[in-house]
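Here is a walk through one protein chain, going from its outer surface to its interior and then to its loops. Please keep the sequence and the 3D view at hand while reading.

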Amino acid sequence: MNDTVFSDIYQQYFDAMYGYGIGLGFSHDDCIDAIHDVFCHLFEHQSLDNVNNTKYFLFKCLRNKLLNNRRDGNIENKIYLEERHFDIKVSMMDSILAKERQILITQKIESLLNTLTARQREAVYLRYMQEMEYEDIAQMMNMTSDSVKQLVHRAIQSMRKNNPQSIDVI
């Protein structure tokens, strides 16, 4: 892989990877370090020629790197994987809606997402905000694709049940 292609991939996916790492509950510095480690390892040891889905591959590498760093004690915050807080900040409405409407909708979405479990928030984030396939999400979360579909479906049902008017606005 030449330097230009590598640089383009880095620039294309850095922000999304950073958002995902922050969403998993890791600090700014831990996310930056892990992303750089992923790209350094990729640059030195691998190419993406045999990778079918670059985004999935990079997200999986980042998730593994962050969790390995936590397990190995390179990250002080010891939160067990199932107890971690997956936080989503919705910000992609800027170009679609006027500022006031954007703020209202963002607040409603965040409120609805906060009613979900961490695993549901992570699955919804990967599926709808990162547009990943169920199979890729399943591998990342160590689940079957049917379980991920069911998890996302239950998350949507839960959000509808908690506030049906908010879903209609979205």
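The protein chain in this predicted model exposes about 10000 Å², of which carbon and sulfur atoms supply 47%. Of its 170 residues, 39% are buried.

The protein chain contains eight helices and zero strands, so that from the N terminus on the elements read α-α-α-α-α-α-α-α. Taking contacts between residues at least 6 apart in sequence, 62% join residues at least 24 apart.

The interior comes next. The largest nonpolar core has 36 residues, and those with the most contacts inside it are Met17, Tyr20, Phe39, Leu58, Phe59 and Leu126. Two or more residues of this core come from each of helix 1, helix 2, helix 3, helix 5, helix 6 and helix 7. A second core, separate from this one, has seven residues, including Ile109, Leu112, Leu113 and Ala155.

Helix 3 covers residues 54–71. How far apart should the ends of its 18 residues be, at 1.5 Å a residue? The expected span is 26 Å, and the end C-alpha atoms of helix 3 are 25 Å apart, which agrees. At the N-terminal end of helix 3, Asn53 acts as a cap, with a side-chain oxygen 3.3 Å from the backbone nitrogen of Lys55. Just after helix 3 comes Gly73, with a positive phi of about 85°.

The buried residues of helix 3 include Tyr56, Phe57, Leu58, Phe59, Leu62, Leu66 and Leu67, and also Lys60, Arg63, Asn69 and Arg70. Which helices do the buried residues of helix 3 pack against? They pack against helix 1 (3–23), helix 2 (28–45), helix 5 and helix 6. Phe59 gives a detailed view: leaving aside neighbours within four places in sequence, Phe59 is in contact with Ala16, Met17, Tyr20, Leu126, Gln130, Met132 and Met140.

One of these partners, Gln130, lies in the loop between helix 5 and helix 6. Is Gln130 buried or exposed? Gln130 counts as buried because its relative accessibility is 9%, below the 20% cut-off. Not counting residues up to four places away in sequence, Gln130 touches Ala16, Lys55, Phe59 and Tyr125.

Glu131 is found in that loop too, between helix 5 (118–129) and helix 6 (134–140). With a relative accessible area of 65%, Glu131 is exposed, because exposed means over 50%. Phi of Glu131 is near 55°, a positive value in a residue other than glycine. Most residues other than glycine have a negative phi. Asn142, in the loop between helix 6 and helix 7 (145–162), likewise has a positive phi near 55°. Asn142 is exposed, with a relative accessible area of 64%.

Cysteines are the last topic. A disulfide is a covalent bond between the sulfur atoms of two cysteines. How many disulfides are there, if the two sulfur atoms must lie within 2.5 Å? The count comes to zero disulfides. Cys40 is partly exposed, with a relative accessible area of 42%. Cys61 also counts as partly exposed, because its relative accessibility is 23% and partly exposed lies between under 20% and over 50%.

Conventions. Residues numbered from 1 in each chain as written. Predicted model: local features only at pLDDT ≥ 70, side-chain atom pairs only at ≥ 80, totals over all residues. Heavy atoms only, no water. Helix = DSSP H or I, 4+ residues; strand = E, 2+ residues; numbered from the N terminus. Buried < 20%, exposed > 50% of the residue type's maximum accessible area, 1.4 Å probe, protein only. Expected span 1.5 Å × (residues − 1). Contact = heavy atoms within 4.5 Å. Polar contact = N/O pair within 3.5 Å; in protein donor to acceptor, adjacent residues only side chain to side chain. Disulfide = S-S within 2.5 Å. Areas by Shrake-Rupley, 256 points an atom, 1.4 Å probe, with all protein chains shown as cover. Core = buried A, V, L, I, M, F, W, Y, C linked by side-chain atoms within 4.5 Å.
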